[in-house]
Every structure is written in C-alpha cells, then in structure tokens.
Amino acid sequence: MKKLAIALSKGGVGKTTTAVNLAAGLAKKGKSVLLVDVDTQGQAARALGAHPQVGLAEVIGGEAEFETACTAARANLWVLSGGRTLAGLKRVITRKDFGGEQTLVETMQGVDGRFDYVVLDTAPGWDALTVNVLFYADAALAPVSLEVMTLQGLMEFSRSMGAIQKYHPELQLKYILPTFFDRRVRKSEEILSQLQAHFGERVCAPVRYNVRLSEAPGYGQTIFEYAPSSIGAEDYHRLTERILQDERA
Ligand SMILES: Nc1ncnc2c1ncn2[C@@H]1O[C@H](COP(=O)(O)OP(=O)(O)O)[C@@H](O)[C@H]1O
Ligand SMILES: [Mg+2]
C-alpha cells in the first residue's frame, strides 16, 4: 500500500486538484484508492460530488467507524472527507502531551493493506495535521505553481520534511509537480528549468494551465469525466502513468 501525501506549505498551487484527479486516475487504472482529505476546507469529497456526513475527524475522534466514514465515490475510489470538524481535532492533537504526531498513523493502522494507494490532500501552511500526514506517508508529491516564484517555498518545505525524516526515514520527497504551466509566459519556462536543475528526475512533466480543471469540481466531476479530451485530462493521465510506472520499477 503506497501512501502519498500531496503537500506544500503554499496555498492555491493545485494540491486538491492533483489529489482528486490523481486518485481518480489511479482508480480508473484499476487500483483501489482511498482519498483522505486532511484540509479543514473539505473540498476533496465535494469535488467528487460526495457529501459524507462523517469523515476523518470523526474516525480519529472515535465517533465513527472507518467503514461508515469511508465513502464510495467511484469504482475503486473511496473518500474520507475533511472539513471544519478537523479544526477541533487539530486542537486535540496539539494539546496531547506526547505522540500527537502519530495520531493519524494510529488511526489508519486498521486500514493497512486494504488499498493499493492512499492519497492524502493537505491544507496550506505547516500545522499539526500536515505533520501527522507526513508521519504517515511514505512519499510526498509537492505541486509547485509556475506562475509565482515558489522555489524558495519548496526548499523550505524540503527542509521541514528533513526534520520529520529523522523520526520517519521512510518519507521521501519523491515528486515535484510543476503546475499552472503556460508556455507563453517566459517565467514559466524559467522556473521549470530551475526546478529541474535542483530536483532532476523528481520533477514530473508539468500540468498546464487549463480552465477545465477549475470548472470540473463545481460539477462534482473529475477532469476525466468533465473534459476527457482536455489538456488537463491529458496531463493528469500522464502523471498517473508516471506513478504507476514507478510502482512497477
Ligand atoms: N492547472 C490548472 N489550471 C487552471 N486552474 C487550476 C489548475 N490547477 C488548479 N486550478 C484551480 O486553481 C485553484 C487552486 O487550486 P487547488 O487545487 O485548490 O490548490 P490548493 O489545494 O493547493 O490550494 C482552484 O480553483 C483550482 O480549480
Ligand atoms: Mg487544497
């Protein structure tokens, strides 16, 4: 079971878009996938048109069973929703005397091996919930927007991850995903080559700017459903293939 965190401290870089469409892409390829929303905004389930009554916060808090909260969203694809209830949970984790960072690991123990992939969407910023996700995950994928200079943010994120790796050495910053790529904008190409110089093979083929990607969640659809022949679908298909290829390697 691969545990992949979609994370970067910056907001609006395409984390949720990537979590949802990558999870859907993997499920389409026959993998069983659990999408876990670890953001208080709770957009991931909604983007799939699902409106579960209970989610991750209730499972961690012991108010709901995993089986009840885990909602079937598509063939092979389940979602554990996030949302505002996670804010209360964050306070509980922070107040624990010790072991707070292992809360998600403990909760997910029973889930071990039940899916091929667990994809975790995280909130912007660096908080107790994101730390929990990184203690649980074995790989992180960091989307980096090519619209703004985010290399520094990525380096900071990579350093913060280093602090967690001391205790959780399995964790790797495995993928850098350039997003909002626009060939007409010179800066886009510049940032991309800087990323490649720093991170080499870890840099995935970029996801281009595509308005269809921003429209799809409003219809509760993945990009593969909403606009299957769009460049957004093409780019997330390519990302899915890259991840599957690494699994076979
Ligand atoms: N490649 C893209 N092209 C155009 N719009 C995008 C793209 N990726 C994401 N978006 C839109 O940009 C906004 C921020 O993306 P989102 O995935 O929510 O970022 P994050 O989760 O990092 O905050 C959303 O409205 C989303 O629909
Ligand atoms: Mg998000």
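This is a short group-meeting talk on the ligand site, the pockets and the cavity of one structure.

Okay, hi everyone. Before anything else, keep in mind that what's on the screen is a predicted model.

Let's start with the ligand. Where does ligand 1 sit? It's in the largest pocket. There are 14 residues around ligand 1, and the ones that come nearest are Gly 12, Lys 15, Thr 16, Thr 17 and Asn 210.

Now for some individual contacts. Take Gly 12: a polar backbone atom there is 2.7 Å from an oxygen atom of ligand 1. With Thr 17 we're talking about the side chain instead, where an N or O atom is 2.6 Å from an oxygen of the ligand. And then there's Asn 210, which brings a backbone N or O atom to 2.9 Å from a nitrogen atom of ligand 1. How much of ligand 1 does the protein cover? On its own the ligand has 550 Å² of accessible area, and the protein covers 80% of that.

Which elements build that shell? Two helices each supply at least two residues: helix 1, running 15-28, and helix 10, which is 211-215. Helix 1 has the largest share, with three residues. As for chemistry, the shell around ligand 1 comes out as seven polar, five nonpolar and two charged residues.

Okay, zooming out to the pocket itself. The largest pocket holds about 530 Å³ of space. Its lining runs to 30 residues, and those nearest the centre are Gly 14, Thr 16, Thr 17, Phe 180 and Leu 213. So you'll recognise Thr 16 and Thr 17 from the list of residues that come nearest the ligand. Helix 1, helix 10 and also helix 2, at 43-47, each give two or more residues to this lining. Helix 1 gives the most here, five residues. The split by class is 14 polar, 13 nonpolar and three charged.

Next, the second largest pocket. The volume there is about 280 Å³. It has 18 lining residues, and if you want to find its centre, look for Pro 52, Ser 81, Gly 82, Gly 83 and Arg 84, which lie nearest. This lining has 10 polar residues, four nonpolar and four charged.

Last stop, the inside. How many cavities of 30 Å³ or more does a search of the whole structure find? Just one. The largest cavity has about 30 Å³ of space in it. Around it you'll see Val 38, Leu 56, Ile 60, Leu 89, Ile 93, Leu 104, Leu 129 and Asn 132. Three helices give two or more residues each to that lining, namely helix 3 (56-60), helix 5 (85-95) and helix 7 (128-136). By class, that's seven nonpolar residues and one polar, with no charged residues.

To wrap up, if you open the model yourselves, I'd begin at helix 1: it has the largest share of the ligand shell, and it also gives the most to the lining of the largest pocket. Okay, over to you.

Notes. Residues numbered from 1 in each chain as written. Chains lettered and ligands numbered in written order. Predicted model: local features only at pLDDT ≥ 70, side-chain atom pairs only at ≥ 80, totals over all residues. Heavy atoms only, no water. Near = heavy atom within 4 Å. Polar contact = N/O pair within 3.5 Å; in protein donor to acceptor, adjacent residues only side chain to side chain. Areas by Shrake-Rupley, 256 points an atom, 1.4 Å probe, with all protein chains shown as cover. 1 Å grid on protein atoms, 1.4 Å probe; cavity = no way out; pocket = protein on both sides within 12 Å on 5 of 7 lines; lining within 4 Å. Sits in = over half its atoms within 2 Å of the grid points. Helix = DSSP H or I, 4+ residues; strand = E, 2+ residues; numbered from the N terminus. Nonpolar A, V, L, I, M, F, W, Y, C, P; charged D, E, K, R; others polar. Points joined across faces, edges and corners; volume = space filled by probe spheres on them.
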